[in-house]
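Subject: Structure handover

Hi,

Here is the structure I promised to pass on. Please open it first, then read the notes below.

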Amino acid sequence: MAKDNTGLHHQTEARRKKLTLVLGVSGLCILFYVLGAWQTSNVPASYSKIGCETQSNPSSESADLDFKSHNQFEFKETNLTIKNFEPCDLSLSEYTPCEDRQRGRRFDRNMMKYRERHCPSKDELLYCLIPPPPNYKIPFKWPQSRDYAWYDNIPHRELSVEKAVQNWIQVEGDRFRFPGGGTMFPRGADAYIDDIARLIPLTAGGIRTAIDTGCGVASFGAYLLKRDIMAVSFAPRDTHEAQVQFALERGVPAIIGIMGSKRLPYPARAFDLAHCSRCLIPWFKNEGLYLMEVDRVLRPGGYWILSGPPINWKQYWRGWERTEEDLKKEQDSIEDVAKSLCWKKVIEKGDLAIWRKPINHIECKKLKQNNKSPPLCTSDNNADFAWYKDLESCITPLPETNNPEESSDGALEDWPDRAFAVPPRIIRGTIQDINAEKFREDNEVWKERMAYYKKIVPQISHGRFRNIMDMNAYLGGFAASMLKYPSWVMNVVPVDAEKQTLGVIYERGLIGTYQDWCEGFSTYPRTYDMIHAGGLFSLYENKCDLTLILLEMDRILRPEGTVVMRDNVETLTKVERIAKGMKWNTQIVDHEKGPYNPEKILVAVKTYWTGQPSNNNNN
């Protein structure tokens, strides 16, 4: 009798269908995974090119990122959710919120208090966009910008007339030219710096960070850059109109500031060199209080360079229109203060005098045991804290050491090794929960991040950005990863940050400042090409209005400038909604590690627009 195979046939067919289904689903899973990985590695089309004459707009063909599949947060955007901000009046084109001269007149002139930071009250806050002048042009690229700036961007001739003999600045047609001169260096800043290099080891790598007090148009800082020395130049907003604005337009680090009644916004032991060339700071007054502040921010073994009155007074006293007795008394007073700080005079030659801070305070402490003034500051004096902190008449003590030949700051590598060497503050364990291993890990994180940034913002590697700000700098990893490009980074450590790391940043040979982002930053409008802000809005969302922070970023940023913000999706979506109302083109992209990371990146480009002159005719 024949055997019936019908049941066996059906079983085999069922197994075949089941296997086909499993293979099919598996194949689709693999395909979607590959496509997803390929998609996250692509560059957003809208940021492929930004030039001086081209404006970057997010392409309508670029697909909007959809977070619904990976995040629980849902946000439905409508036209009603975007508030469009109007331009401010053109008279506010150079508005500096916390250095307003009208507001400053309300304050005491003693110790220049009226020129210190005085920020607007709530009823004085502006909720409008600071307009560029009508004929604003994208600044020259570095290094051409060191020598030229467009007249229409900073339409002030005052310095070209007032300082004509000293070669600070000249008007040539539609542009300014910066010959590199200065009050005390008529042969130019380059020759002046060469003179200094003959007196101290300026270019051996031991001197990397400098502070230039009363900087003019920052030619000293501009020409230090070619020697791998990064100077923070500062000057007040005073009758020398727009000197800091000129410096930043040139692509030179600068900030509005003054030696007044408060500490400078830098940590202790930040600078290898401090410089004053006829900076008009009364060093001999207030019992040497200003030199004590210079001492605080100077590193062990750091240099202070002084040129101009009263140095070389025997030659210049008639031209300075002062008596010989007066100038000699001033120099004697400065010499006495320097000696009381335990400084040693290195040399006085021609127009230059140079002092050096001791590498430790072993001998200085012995001198101060005899009650010699000024005393060493007490242990409860936080040497690094410098935000609205009054100056104190005492010497900031250096870290302890038992070896007279050893620098109390520990071993600090020469530049450029300094940038990635473990900073002394971390070695000593003064930053809580940050050790050498975490520092090195942070450097590795920034290698990965910068590789990704170059994909989503290709202009980084094309030299498009000269002046860059990191609004929440942490250990300075972003700035360190930018060192290979023709740019510099102002590393800002918010006073609200959990870890105060600005001292570490300076020990890496980088520069920066403290800031409360609920207030305006001490710079002119349109002075930065790029702004980076990681975790900033999460830090401040319960402290002040995020709209005001974004409006301040818009004030600082140049037309066609780029902003890169990192934060969680919820926060970035709020930020993007505000940014779109400020004439910014925006796009949220995934984290460098892929779409499943809850942190996202918002890339924004400020569009080019200018203020319009008034149509009112008062003739």
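Start with the largest cavity, which has a volume of about 80 Å³. Keep in mind that this is a predicted model. Eleven names to click through make up its lining, in sequence order: Arg263, Leu289, Met292, Glu293, Arg296, Cys377, Asn381, Leu391, Glu392, Cys394 and Thr396. By class, the lining of the largest cavity splits into five nonpolar, two polar and four charged residues.

The structure holds four cavities of 30 Å³ or more. The second largest cavity contains about 40 Å³ of space. Its lining is made up of Ala411, Leu412, Glu413, Arg418, Ala421, Val422, Pro423, Pro424 and Glu507. Here six lining residues are nonpolar and three are charged. No polar residue lines the second largest cavity.

Now the chain as a whole. It has 619 residues, and 54% of them count as buried. Its secondary structure comes to 17 helices and 17 strands. Take the contacts between residues at least 6 apart in sequence: 70% of these join residues at least 24 apart. The accessible surface of the chain is about 28900 Å². Carbon and sulfur atoms account for 50% of that surface.

One strand deserves a closer look: S10, residues 352-356. Is it enclosed or open? Four of its five residues are buried, so S10 is largely enclosed by the rest of the structure. For this count, buried means under 20% relative accessible area.

S10 pairs with two strands that you can find quickly in the viewer. Strand S8, residues 298-307, is joined to S10 by five bridges. S8 and S10 run antiparallel. Within S8 and S10, look for Tyr303, which stands opposite Arg356 of S10.

Strand S9, residues 344-349, is also joined to S10 by five bridges. S9 and S10 run antiparallel too. Lys349 has Leu352 in S10 as its bridge partner. S9 and S10 form a hairpin with two residues between the strands. What does Gly350 do in this hairpin? Gly350 takes a positive phi near 60°.

For a tour in the viewer, begin at the lining of the largest cavity, where Arg263 and Thr396 are among the residues. Go on to the second largest cavity, with Pro423 and Pro424 among its lining residues. Finish at the hairpin of S9 and S10, at Gly350.

Best wishes

Notes: Residues are numbered from 1 along each chain as its sequence is written. This is a predicted model: local features need pLDDT of at least 70, side-chain atom pairs count only at pLDDT 80 or more; totals for chains, interfaces and linings use all residues. Side-chain values use heavy atoms; hydrogens and water are left out. On a 1 Å grid over the protein atoms alone, a cavity is a set of points where a 1.4 Å probe fits but cannot get out, and a pocket is an open set with protein on both sides within 12 Å along at least five of seven lines; lining residues have an atom within 4 Å of a point. Grid points are joined across faces, edges and corners, and a volume is the space filled by probe spheres set on the points. Ala, Val, Leu, Ile, Met, Phe, Trp, Tyr, Cys and Pro count as nonpolar, Asp, Glu, Lys and Arg as charged, and the others, Gly among them, as polar. Buried means under 20% relative accessible area, exposed over 50%, partly exposed in between (1.4 Å probe, protein chains only). Contact means heavy atoms within 4.5 Å. Accessible areas come from the Shrake-Rupley method with a 1.4 Å probe; for residues, only the protein chains shown count as cover. Two strands pair if DSSP finds at least two bridges between them.
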